[in-house]
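Biologist: Please bring up the model. I have a few questions about its confidence and its core.

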Amino acid sequence: SLTLVESAEFTFFVCSGHGECDIEHKRCDCKQGFGGADCGTQFAVFSYDTILIVLWFVLFTICVVVLVLSIVWVQINKHYKTIRALSPNMTTLFTIGLILLCLGTILYLFHPLNDGVCIVRNYLYGVGAIVTIMAPLCKTYRVAIIFAQARNLRRIEIPDKQLLVYIIYATILETLLCSVYAVFHQLEGGVQPLYWSEWSRVEYVCNQTPSVQYISMANYFYIFGLMILLCVFSFKNRATHKVFKESRCAYFGSFFCVFVFVVVVLFNVVSDDAAAIITIQGGAMLVAIGVVWTLFYGVRMYSFFKHPDRRMEVTVTASNNKSSSERKQQQQTQETEKSSRPRMPSYVNELYKEQGFESMRHESVLTVPRQSEMSIKCGKQETEISTEVTDCGTPVEQAHTLGSIDEIPSP
């Protein structure tokens, strides 16, 4: 193989000086970064189209502004019962996660990538996805557990503080995964160039070594597993929307986001065009955030401003036979005990009140409502219920005497 030919008066570069001449096959084997028949074409460094960068930047900036204003709206109006039922702190965390996803998408627009962009983007995407998923997951989990316990005539309370602990644990785990990724990314050499002869360009990508890829896959499986778990709980709670207003949002939103996630991953697998991948990812993220915001915030804001007289109402499904005086007396009793009990969304108490569960200081155990006039039939004999469970039938059978399980609203 030859790269140059010298004579007394002239020097001739073979393959433009950027390759080796394969005399047997009469061709040039070009060095990386050069192409063409004579290796005279130097690959251009890939960068995303400037017009598209501006377009996506403006759109996602608008998303961030809208999400920030949504947080402000929740915090300002959290004294209303309908907003307080959303668990404002959990809702704020959920929205912050969406903001982090927007920032991560904006950051990925700027190519060529460097080590800082790869690592920071991984943190933004990872932590943002975990917080966005965990907030509704914890709330749907609370609904499912309370609903299951209500069937067994037991009352439990899972306050927001306990759910926040779950979110913190999940976020810590995600942060550790991102930190391990950052360490191995740098140890393996950082960003790597990929040479594409069909486009005559070089693209700088985040580290593609096996160890870094394994960590990245573990992170994706962690996020995807939580999304599937959210779908499972949302599916179980799909019929509780008349009390738990977020059930439909979680149900449709979770399945839609899983669909978008799978489509983006499959597109990344089958496509090598970085420009197309960035465009598809940006569009998918924008659509997903728009759908989730509409389901979660848009519907509530519309109802909030269209019906200001209903801001202190929480709708329930079961009929309530208590008189207004009994309601008022019960409300006063609950207010006196409020300071000694964990903070719970209002829809949780509405569920238990509709099933006859009175407020108690000890939230862990309550087998049967404390109502002297309530009775059930054990076979042919009617037996009065106190605070003890009778021997007649299983807890599920007793729950049917209080009302159909399918009619029990869930928080």
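The questions below cover confidence first, then the core.

Modeller: This is a predicted model: local features need pLDDT of at least 70, side-chain atom pairs need 80 or more, and totals for chains, interfaces and linings use all residues. Residues are numbered from 1 along each chain as its sequence is written, and side-chain values use heavy atoms, leaving out hydrogens and water.

Biologist: What is the mean pLDDT of the chain?

Modeller: pLDDT is the predictor's confidence in each residue, from 0 to 100. In this chain, 68% of residues reach 70 or more. The mean is 75.

Biologist: Which element has the highest mean pLDDT?

Modeller: Elements are DSSP runs numbered from the N terminus: helices (H or I, at least four residues) and strands (E, at least two). Strand E10 (residues 375–378) has the lowest mean, 36. The highest, 95, belongs to helix H1 (residues 50–76).

Biologist: How many contacts does the model have for residues 358–411, beyond four places in sequence?

Modeller: A contact means heavy atoms within 4.5 Å. pLDDT stays under 50 over this stretch. The model still gives residues 358–411 a count of 108.

Biologist: Which helix supplies the largest share of the largest nonpolar core?

Modeller: Such a core joins buried (under 20% relative accessible area, 1.4 Å probe, protein chains only) Ala, Val, Leu, Ile, Met, Phe, Trp, Tyr and Cys residues through side-chain atoms within 4.5 Å. This core has 62 residues; Trp73 is among those touching the most other members. Helices H1 and H8 (274–306) are among those supplying at least two residues each. The largest share, 12 residues, comes from H4.

Notes: Buried means under 20% relative accessible area, exposed over 50%, partly exposed in between (1.4 Å probe, protein chains only).
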